[in-house]
Every structure is written in structure tokens, then in C-alpha cells.
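Subject: Handover of a structure and summary of findings

Dear colleague,

Please find below the structure that I am handing over to you. My notes on what was found in it follow directly after.

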Amino acid sequence: TATLTVVQVSRHNEAGGQVVIEAEHFYQRVPNSAVAPHWHLVPDEDGVEFFADRGQPPFTNARGGKYLQSLPDVVQNQNQAGLVGTEPFVEYKVQINTPGIYRLWLRWANFDGDSDSLYIQIREITSPLWYRYGRLERPDFASAGGGIGWDGLAAPNTTNAGGGEVPAIWTIPAAGVYTIRISQREDGAAVDALML
């Protein structure tokens, strides 16, 4: 059994109404184990033991050459409301200094219809409870060449595979520390960065 390295960043600070976070600079991921479904740090943890994926090549154009991927990529689907935000998940702590309306942009990618959706929550906000991001299959983080690029459209409080996308916005009522949680709807999706 291999133990994954934990990268812990206590919090990211919003300034001027914006905060940009590299996916690998997370606060915590649960579980932190290579022998269970988890968020895998590519390429740093590629030498550790984990469930085999479906033989897909690496994603391209990651900022700084690193990203997180939900593994194992074995066509798992968490499409019930009670499973939103459950393991495996990765969290980011953000110090918001400027209350207001924020949109969450995600730089992410996927391979196929079995890896093209995930959930995002801001744990301290109850409306919406979550957004389901779902996009076309592209193994490229950049928008040039047909990749997804920055994606700010998602469906609120839904568990379906697609449709109903709107700008992914939350109203943050007060300054304080907020927790962004990314969890899988389908395994195999990869996250390069997020921006609030």
C-alpha cells in the first residue's frame, strides 16, 4: 500500500475580487490513499500504486505541468444527490475579503462520456448547494486546438449528465474563509486550475 504525499496550502487569498488556484495546491483530499478512489497528482504520484485506468494518455497543456485526476478511471458514476460531495473529494480554502457575487471558472478536461462531469460546492453557501460541470470530451486543458479551456458554465443542484448550464455563480455574503470542494460525478475527469 502506497501513501500519497499531501500538499497542504492553508488558504488562498482573494484580492480585488479574484483568486486563482492551481489544482495541486489543495488544502486536503479525502481519502489520501492510492488504494481507494482518490484525486491523483499527475505526474508527481505516477510511480505509486493505484487502480489502473483505461489506458488513456496524459492530458495536455496543464499549467506548470501538473494536474489532479479522479481515479480509478473505471466508469464510476455518482449521479444521486446524496452522493454529491462525498469521497473522493479535494478541497481548497479561500479567504474572501470582498463579499459579493462570484463566478467559479474551472480549467478542466476529460476523455469521453464516462469522465465528462464533476461537482463543485462552496461548503458554507447553501444556495445553490452545488453545481454539476459537464463538458465535451477533450483531453486538453487549453482552449486552443479544441480543448475546454476555462469553463464557467454548470447546472445548479442537478445530478444529470448534461443540460441546464448557467453561469456558475455564488453570492458570498461576508468576508471570511470559504471551502471549495470538488468531487466526482464520474471518475477520470482532470482539473488543472480553478478561479473564483
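**Findings**

H12 is found in strand 1, which covers residues 12-13. Please note that the model is a predicted one. With a relative accessibility of 12%, H12 falls under the 20% limit and therefore counts as buried. A polar atom of the H12 side chain lies 2.9 Å from the backbone oxygen of H25. Apart from neighbours within four places in sequence, H12 is in contact with V19, I21, H25, Y92, K93, V94 and Q95.

One of these contacts, K93, deserves a paragraph of its own. K93 is placed in strand 6. Its relative accessible area is 18%, so K93 is buried under the 20% limit. Outside its neighbours within four places in sequence, K93 is in contact with S10, R11, H12, Y27, V177, Y178 and T179. With T179, the contact includes a polar one between the two side chains, at 2.9 Å. Y27 is 66 residues away from K93 along the chain, yet the C-alpha atoms of the two are separated by 6.2 Å.

**Overall composition**

The protein has 16 strands and 0 helices. It comprises 196 residues, of which 52% count as buried. Among contacts with a separation of 6 or more, 76% are between residues 24 or more positions apart. The protein exposes about 8,100 Å², and carbon and sulfur atoms supply 51% of that area.

**Nonpolar cores**

Which residues touch the most other members of the largest nonpolar core? They are Y92, L118, Y133 and I182, in a core of 33 residues. At least two residues of this core come from each of strand 4 (38-42), strand 6 (89-96), strand 8 (105-109), strand 9 (117-122), strand 10 (131-134), strand 14 (169-172), strand 15 (176-184) and strand 16 (190-195). Strand 6 gives the most, with 4 residues.

For I182, the contacts beyond its neighbours within four places in sequence are W39, P88, F89, V90, Y92, L106, L118, Y119, I120, V191 and L194. There is also a second, separate core of 8 residues, and Y67, F111, F141 and A190 are included in it.

**Salt bridges**

Side chains of opposite charge can pair when their charged atoms come close. In this structure the count comes to 8 salt bridges. Three of them are described here.

The side chains of E91 and R181 meet in one such bridge, with an N to O distance of 2.6 Å. This pair links distant parts of the chain, since E91 is in strand 6 and R181 is in strand 15, 90 residues apart. Both of these residues, E91 and R181, are buried.

A further salt bridge joins the side chains of D192 and R107, at 2.4 Å from N to O. Because D192 lies in strand 16 and R107 in strand 8, the pair ties together parts that are 85 residues apart in sequence. D192 is buried, its relative accessible area being 0%. R107 counts as buried as well, with a relative accessibility of 10%.

The side chains of E186 and R185 also meet in a salt bridge, here with an N to O distance of 3.7 Å. E186 and R185 are both buried.

**Aromatic pairs**

How many aromatic pairs does a search of the whole structure find? The search finds 6. In the pair of F59 and F141, the ring centres are 5.7 Å apart and the planes stand at 35°, so the pair is tilted. F59 lies in the loop between strand 4 and strand 5 (67-71), while F141 lies in the loop between strand 10 and strand 11 (150-151); the pair therefore ties together parts that are 82 residues apart in sequence. F59 and F141 are both buried.

These two residues belong to one aromatic cluster, formed by F59, Y67, F111 and F141. Of the cluster members, Y67, F111 and F141 are also among the residues of the second nonpolar core.

Yours sincerely

Key
Residues are numbered from 1 along each chain as its sequence is written. This is a predicted model: local features need pLDDT of at least 70, side-chain atom pairs count only at pLDDT 80 or more; totals for chains, interfaces and linings use all residues. Side-chain values use heavy atoms; hydrogens and water are left out. Buried means under 20% relative accessible area, exposed over 50%, partly exposed in between (1.4 Å probe, protein chains only). A polar contact is a pair of N or O atoms within 3.5 Å; within protein, one must be able to donate a hydrogen and the other to accept it, and residues adjacent in sequence count only if both atoms are side-chain atoms. Contact means heavy atoms within 4.5 Å. Accessible areas come from the Shrake-Rupley method with a 1.4 Å probe; for residues, only the protein chains shown count as cover. A nonpolar core is a set of buried Ala, Val, Leu, Ile, Met, Phe, Trp, Tyr and Cys residues joined through side-chain atoms within 4.5 Å. A salt bridge is a side-chain nitrogen of Lys or Arg within 4 Å of a carboxyl oxygen of Asp or Glu. Rings of Phe, Tyr and Trp (its six-membered ring) pair if their centres lie within 6.5 Å; planes under 30 degrees apart count as stacked, over 60 as edge-to-face and the rest as tilted.
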